[in-house]
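Trainee: Before I use any of the labels, I would like to see how each one is justified. Could we go through them one by one, setting each value against its cut-off?

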Amino acid sequence: MENQLNTFEPYRKWKYKKITVKPNTALQNQPYYVSELKKLQARNEKETGIEFVINDDNTYQDFIALIDAMKLAKQDTYGVDVEKTNHFFAVHEYQDPHRCGNYGGCGLVGGEFTPEKPVLNIFRPESFIQHFPQQAYYVLFGFLFFLNISMLSIQENIQLKRKSV
């Protein structure tokens, strides 16, 4: 349990409907999986989900069929419990109809996303570059160009003085 943010533990005690995925049958049963996922979303109950029981006999095609079922059902939160069971889980996050209104998509596993505020940081020069206006690049290029020319002229003057002495 090195990284507590990427663990399945908070979701382990939820109420899951178990569906056993028999080897080499997930592709044929995909419409059933999609319908079960849609029913789960329609019920919109707290702390529920579907546990797809897979084992070493299942093929890669079974796994891909489960992922495709998630995409077809527009199930956003799913994954594999690699810590203990190695089963495939579709987790339903309850969406409070009073809180979300017509916006939908309020439930996210791991909390809500808050973007980092743009801050200028001395130790991160890329933060300065991100805040430069387009015209600042022309000014900076011009400065570096004239600095290069002046360094060349200083070098020529020093070489001329050495030759004359």
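**Sheet and helices**

Mentor: Four strands form an open sheet in the order β1-β2-β4-β3, with mixed pairing. The edge strands are β1 (15-20) and β3 (78-80), and the twist from one strand to the next averages 20 degrees. This is a predicted model, in which local features need pLDDT of at least 70 and side-chain atom pairs count only at pLDDT 80 or more, while totals for chains, interfaces and linings use all residues. Residues are numbered from 1 along each chain as its sequence is written, and side-chain values use heavy atoms, with hydrogens and water left out.

Trainee: What makes β1 and β3 edge strands?

Mentor: Each of them pairs on one side only, where pairing requires that DSSP finds at least two bridges between two strands. The strands themselves are DSSP runs (E, at least two residues), as are the helices (H or I, at least four residues), and both are numbered from the N terminus.

Trainee: How do you know that β2 and β4 count as paired?

Mentor: Five bridges join strand β2 (residues 48-53) to strand β4 (residues 88-92), so the requirement for pairing is met. These two strands run antiparallel, and one of the bridges has E51 facing its partner F89 in β4. Strands of a sheet pair through backbone hydrogen bonds, either parallel or antiparallel.

Trainee: Which strands does each of the helices α1 and α2 meet, and at what angles?

Mentor: Helix α1 (residues 30-43) lies across β1, β2 and β4 and runs at about 160 degrees to β2. Helix α2 (residues 60-72) packs on the sheet, touching β2, β3 and β4, and its direction makes about 10 degrees with that of β4. Touching rests on contact, meaning heavy atoms within 4.5 Å; the angles run from 0 to 180 degrees between N-to-C directions, with axes fitted to C-alpha atoms, for helices over the stretch in contact.

**Aromatic pairs**

Trainee: Why is the pair of Y32 and Y33 called tilted?

Mentor: The structure holds eight aromatic pairs, and in this one the centres lie 6.0 Å apart with 55 degrees between the planes. Rings of Phe, Tyr and Trp (its six-membered ring) pair if their centres lie within 6.5 Å, and planes under 30 degrees apart count as stacked, over 60 as edge-to-face and the rest as tilted, so Y32 and Y33 form a tilted pair.

Trainee: What makes F145 and F146 an edge-to-face pair?

Mentor: Their centres are 5.7 Å apart and their planes meet at 65 degrees, so the pair is edge-to-face by the same rule. Elsewhere, ring pairs link Y32, Y33, F52, F63, Y78 and F88 into a cluster.

**Burial and H92**

Trainee: Why is Y33 called buried, while Y32 is called partly exposed?

Mentor: Buried means under 20% relative accessible area, exposed over 50% and partly exposed in between (1.4 Å probe, protein chains only). Y33, at 1%, is therefore buried, whereas Y32, at 39%, is partly exposed. Likewise F145, at 43%, is partly exposed, and F146, at 56%, is exposed.

Trainee: How do you know whether H92 is buried or exposed, and what joins its side chain to that of N44?

Mentor: H92, found in strand β4, has a relative accessible area of 6% and is therefore buried. The side chains of H92 and N44 are joined at 3.0 Å, so this counts as a polar contact, a pair of N or O atoms within 3.5 Å in which, within protein, one must be able to donate a hydrogen and the other to accept it, and residues adjacent in sequence count only if both atoms are side-chain atoms.
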